[in-house]
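Let's take a walk through this protein and see how its parts fit together. Have the sequence and the 3D view open as you read.

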Amino acid sequence: MFVVLLHYVQPLDVVEAHIPEHREFLDRHYAAGHFVASGPQVPRTGGVILAGNLSRQALDAVLAEDPFLRERVAQYQVIEFHPTKFAPGAEAILQS
């Protein structure tokens, strides 16, 4: 499983211009079973994606498709971890 931290490197008005295409990217990878959750950081300095069901190499290929990366709107930090404890019912959602 992976925690992907996005850090905006452009002003929010530039980020906003790419949000529709970024959301389409997210939707594709939710449908493919790669993403578990995502959303903006608070305060809004970037975002977070929880990803699973793919290797690190495959995740890197997926992230390369993100318009935020392609347009140099955000930088990414990927943290891999092996979940060993789950909230009741969450293990089916989070296992990769």
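What follows covers confidence, the sheet, the helices packed on it and the core.

This is a predicted model, with a mean pLDDT of 92 for the protein and 94% of its residues at 70 or more. Confidence bottoms out in helix α5 (residues 91–94), at a mean of 61, and peaks in strand β1 (residues 2–8), at 98. Where pLDDT is low, the predicted coordinates should not be read in detail.

An unreviewed UniProt entry puts a "domain: YCII-related" feature at residues 1–81. That span is 38% helix and 32% strand, and its end C-alpha atoms sit 6 Å apart.

Now the sheet: it's an open one with 4 strands in the order β2-β3-β1-β4, paired antiparallel. β2 (35–40) and β4 are the edge strands with a single partner each, so one side of each has no neighbour in the sheet. From one strand to the next, the twist averages 15°. Between β1 and β3 there are 6 bridges, and V3 has L50 in β3 as its bridge partner.

Two helices pack on this sheet:

| Helix | Strands touched | Angle between directions |
|---|---|---|
| α2 | β1, β2 and β3 | about 160° with β2 |
| α3 | β1, β2, β3 and β4 | about 165° with β4 |

Which residues have the most contacts inside the largest nonpolar core? They are V4, L6, F35, L59, L63 and F68, out of 20 residues in that core. β1 provides the largest share, 4 residues. Leaving aside residues up to four places away in sequence, L63 touches V4, F25, L69, Y76 and V78.

Notes
Residues are numbered from 1 along each chain as its sequence is written. This is a predicted model: local features need pLDDT of at least 70, side-chain atom pairs count only at pLDDT 80 or more; totals for chains, interfaces and linings use all residues. Side-chain values use heavy atoms; hydrogens and water are left out. pLDDT is the predictor's confidence in each residue, from 0 to 100. Helices (H or I, at least four residues) and strands (E, at least two) are DSSP runs, numbered from the N terminus. UniProt positions are given in the numbering used here, feature names are shortened, and annotations may be inferred rather than shown by experiment. A nonpolar core is a set of buried Ala, Val, Leu, Ile, Met, Phe, Trp, Tyr and Cys residues joined through side-chain atoms within 4.5 Å. Buried means under 20% relative accessible area, exposed over 50%, partly exposed in between (1.4 Å probe, protein chains only). Contact means heavy atoms within 4.5 Å. Two strands pair if DSSP finds at least two bridges between them. Axes are lines fitted to C-alpha atoms, for helices over the stretch in contact, and angles run from 0 to 180 degrees between N-to-C directions.
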